[in-house]
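I opened the notebook to look up one helix, its start and its neighbour. The entries follow in the order I made them.

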Amino acid sequence: MNRIALAAALALTVSTAIAQESKSPPSGTESLPKACQDASPGQGATGKAMEMGDMAAHSMSDMGEAQMGSMKAMQDMGKTMRATHGIKDPDLAFVCGMIAHHRGAVAMSRIELQSGKDEQAKSWAMKIIADQEREIAEFEAWAAKADKAK
């Protein structure tokens with residue numbers, strides 16, 4: 001009896017995991033609006049290989065906190081942007097790609113504000129954050145509207 005109950009529990013767990021996985025957004029699109037997720041095939045194996053190559057190209061021991069943060073921001077942006085390249089609708093692909101690109105710029109600008117010393121560079125970072133966050137909100141609103149129009 002216990003083996004049957006264990007087998008049933010295992011089967012239920014596996015089927016639940018498969019169902020949840022099929023509902024997960026494509027790789028790289030997790031942070032994008034639903035319209036982007038629905039239209040994207042994800043970054044695929046090539047994108048994952050590129051991501052691993054990016055990490056291998058730099059010696060982690062040679063990097064400070066700012067460099068590590070910048071590298072992570074670039075990797076996150078690249079992963080998400082690669083996932084948008086497969087979107088067939090050119091308008092939606094552009095908007096989704098720009099959301100990822102702008103978020104990367106905001107993340108890098110925040111690193112500048114935390115670690116930078118030059119007042120001009122910090123001023124640019126503050127302007128980038130304000131401008132890009134406003135544009136991200138516009139792009140997200142457009143994507144939500146496009147999703148409802150389907």
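I looked first at the N-terminal end of H5, which Asp89 caps: a side-chain oxygen of Asp89 lies 2.8 Å from the backbone nitrogen of Asp91. A polar contact is a pair of N or O atoms within 3.5 Å; within protein, one must be able to donate a hydrogen and the other to accept it, and residues adjacent in sequence count only if both atoms are side-chain atoms.

I noted that this is a predicted model, where local features need pLDDT of at least 70, side-chain atom pairs count only at pLDDT 80 or more, and totals for chains, interfaces and linings use all residues. Residues are numbered from 1 along each chain as its sequence is written, and side-chain values use heavy atoms, with hydrogens and water left out.

I checked the length of H5: 26 residues, reaching 37 Å from first C-alpha to last, close to the 38 Å expected at 1.5 Å a residue. The expected span is 1.5 Å times one less than the number of residues.

I then compared axes (lines fitted to C-alpha atoms over the stretch in contact, with angles from 0 to 180 degrees between N-to-C directions). Those of H4 (residues 65-84) and H5 (residues 90-115) come within 8 Å and cross at roughly 175 degrees. That makes H4 roughly antiparallel to H5, the word for angles over 145 degrees.

I looked up Phe94, which is in H5. Phe94 counts as partly exposed because its relative accessibility is 48%; buried is under 20%, exposed over 50%, partly exposed in between (1.4 Å probe, protein chains only).

Definitions and conventions:
Helix = DSSP H or I, 4+ residues; strand = E, 2+ residues; numbered from the N terminus. Parallel < 35°, antiparallel > 145°, perpendicular 65-115°, else oblique.
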